[in-house]
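Colleague: I would like to learn how to read helix packing and charged pairs from a model. Could we take one feature at a time?

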Amino acid sequence: MHSGGLHGRGALFDTHPPGLVARLVGLCPFQHGPTPLEYAKEPPFVVFTGGPGLGKSAVLGELHAAYQGHTPLALIDCEDELFARPPARRPGEAWSPVSQAVLTIAEQLAEPVTGAGRIAFPRLTAGLLAVAAGGWRDRDLPRIRQEAERILLLNDTGSWVAGFTGRWVGRVSTRLVDALSGTGLVVEPIIEATLEVFSEGVTPTHRRLRKAATWYRDCPSAGGNPKLGLILLSGHFRAGGDSRTHAERYLVRALLADLDDAYTGAVQRTHRPGRPVVLIDNVQATAGVGLIGSVLRDRADGIADRVAFFAGLRGDGHPSLHNAARRALPEVARATGWEPGGTVSSHALLVPLSPPTTPSPQAVEAGR
């Protein structure tokens, strides 16, 4: 059995034999020993459903405690004030709940874990800079520098060269601010300056950034031109509506592609057992709907990722999850029996939660 604080959740947290969580992550919760994956390629996007008081947030919190420091891990609550509105002085045309969620998740996933260093997110860095530049027309230089430096820090891998990252981030942010001139949109000069900086130097950081920049040449209508790809990304984001949804999907894809790089190659796989874990509470809120929609659509299109996603959904369902499979909690204890179908939402698995049980005095005494 698991050693956490939830009772009646053995189907999720058991280790001998492994419950749902261990089989999808590839690591036993709390014990962190490796366990076979139930799905070697694409796991289901697991969504815990139910009304208030059934313990969805508690389950996600227990998952966080089970894997913190042992595999890349992120936990967000989509109803948090952080995702409700843009930060002070940042225009709404250059911000959305989904873009904020992607940045917040990447910052958490980047943290070093047992046996492995920080993860860099160069593709996401380029995309977020292009989006942020769409709101830099007011020449609020302190705000612009702060936004740029936060995004650039996603490339911090904990270099052994003391202070390298801080100095590099400072130099790059200065170059970007220097690119601001005149009035109106500054997206193109910012993207030009970004690509120039990414192409300079011979350090591993610069090699990652060069590789990341070329990734955007495959954007629709970019014609193999990464600069045009980033300009289009920024423009679609500012346009709002379906165009913004399309741009947000690319940001999510960039996050997952960068994460995939951290697991590519024999050395990386050896030092990073199991899967990274992303936990999304209140997925019915705007940020959550955008995240789950992007992940499920890419998986349906055959664009794979390595992440074990677990989410909490208030209620019994959501229109975007209409064709998701549904399993009662006891049914997932040893195997899910899940296979994706031909629709986007069939790549998710809904697991309704029943009220957690209270342990008997005998069970409490036995656990001491």
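Colleague: How do helix 5 and helix 10 pack, and at what angle?

Modeller: Two packed helices are described by the angle between their axes and the distance between the axes. In this predicted model, helix 5 (residues 122–133) packs with helix 10 (residues 226–239) at an angle of about 50 degrees, and their axes are 8 Å apart. Angles from 65 to 115 degrees count as roughly perpendicular and those under 35 as roughly parallel; helix 5 and helix 10 are therefore oblique to each other. The crossing of helix 5 and helix 10 is right-handed.

Colleague: Which residues in helix 5 and helix 10 meet?

Modeller: Helix 5 brings Ala 126, Gly 127, Ala 130 and Val 131, which meet Leu 230, Leu 233, Ser 234 and Phe 237 of helix 10. By class, the contact of helix 5 with helix 10 has six nonpolar and two polar residues, and no charged ones.

Colleague: Now the second pair. What is the angle between helix 11 and helix 13?

Modeller: Helix 11 (residues 241–261) and helix 13 pack at an angle of about 70 degrees, with 9 Å between their axes. That makes helix 11 roughly perpendicular to helix 13. The crossing of helix 11 with helix 13 is right-handed.

Colleague: How many nonpolar, polar and charged residues are in the contact of helix 11 with helix 13?

Modeller: On the helix 11 side, Glu 248, Arg 249, Val 252, Arg 253 and Leu 256 take part, and they meet Leu 291, Ser 294, Val 295, Arg 297 and Asp 298 in helix 13. By class, these divide into four nonpolar, one polar and five charged.

Colleague: Arg 253 and Asp 298 are both in that list. Which residue outside the helices is in contact with Arg 253 and Asp 298?

Modeller: Ile 303, which lies in the loop between helix 13 (286–300) and strand 4. Setting aside neighbours within four places in sequence, Ile 303 is in contact with Arg 253 and Asp 298. Ile 303 and Arg 253 are 50 residues apart along the chain, and their C-alpha atoms are separated by 8.7 Å. Ile 303 is partly exposed, at a relative accessible area of 31%.

Colleague: Next, the charged pairs. How many salt bridges does the structure hold?

Modeller: Side chains of opposite charge can pair when their charged atoms come close. The structure holds 21 salt bridges. One of them joins Glu 79 to Arg 314, with the closest N and O atoms 2.9 Å apart. This pair links distant parts of the chain, 235 residues apart: Glu 79 is in the loop between strand 2 (73–77) and helix 4 (97–109), whereas Arg 314 is in strand 4 (residues 308–314).

Colleague: Are Glu 79 and Arg 314 buried or exposed?

Modeller: Neither; Glu 79 is partly exposed at 43% relative accessible area, and Arg 314 is partly exposed at 39%.

Colleague: What about Arg 85 and Glu 81?

Modeller: Arg 85 and Glu 81 form a salt bridge, and their closest N and O atoms are 1.8 Å apart in the model. Arg 85 is partly exposed at 47%, while Glu 81 is exposed at 51%. The cut-off for exposed is over 50%.

Colleague: Where does the salt bridge of Arg 143 and Asp 140 fit in?

Modeller: The side chains of Arg 143 and Asp 140 meet at 3.7 Å, N to O. Arg 143 counts as buried at 2% relative accessibility, and Asp 140 is buried too, at 17%. Through shared partners, salt bridges join Arg 89, Arg 90, Asp 140, Arg 143 and Glu 147 into one network.

Notes
Residues are numbered from 1 along each chain as its sequence is written. This is a predicted model: local features need pLDDT of at least 70, side-chain atom pairs count only at pLDDT 80 or more; totals for chains, interfaces and linings use all residues. Side-chain values use heavy atoms; hydrogens and water are left out. Axes are lines fitted to C-alpha atoms, for helices over the stretch in contact, and angles run from 0 to 180 degrees between N-to-C directions. Helices (H or I, at least four residues) and strands (E, at least two) are DSSP runs, numbered from the N terminus. Angles under 35 degrees count as roughly parallel, over 145 as roughly antiparallel, 65 to 115 as roughly perpendicular and the rest as oblique. A crossing is left-handed if the near helix is turned anticlockwise from the far one by less than a right angle, and right-handed if clockwise. Contact means heavy atoms within 4.5 Å. Ala, Val, Leu, Ile, Met, Phe, Trp, Tyr, Cys and Pro count as nonpolar, Asp, Glu, Lys and Arg as charged, and the others, Gly among them, as polar. A salt bridge is a side-chain nitrogen of Lys or Arg within 4 Å of a carboxyl oxygen of Asp or Glu. Buried means under 20% relative accessible area, exposed over 50%, partly exposed in between (1.4 Å probe, protein chains only).
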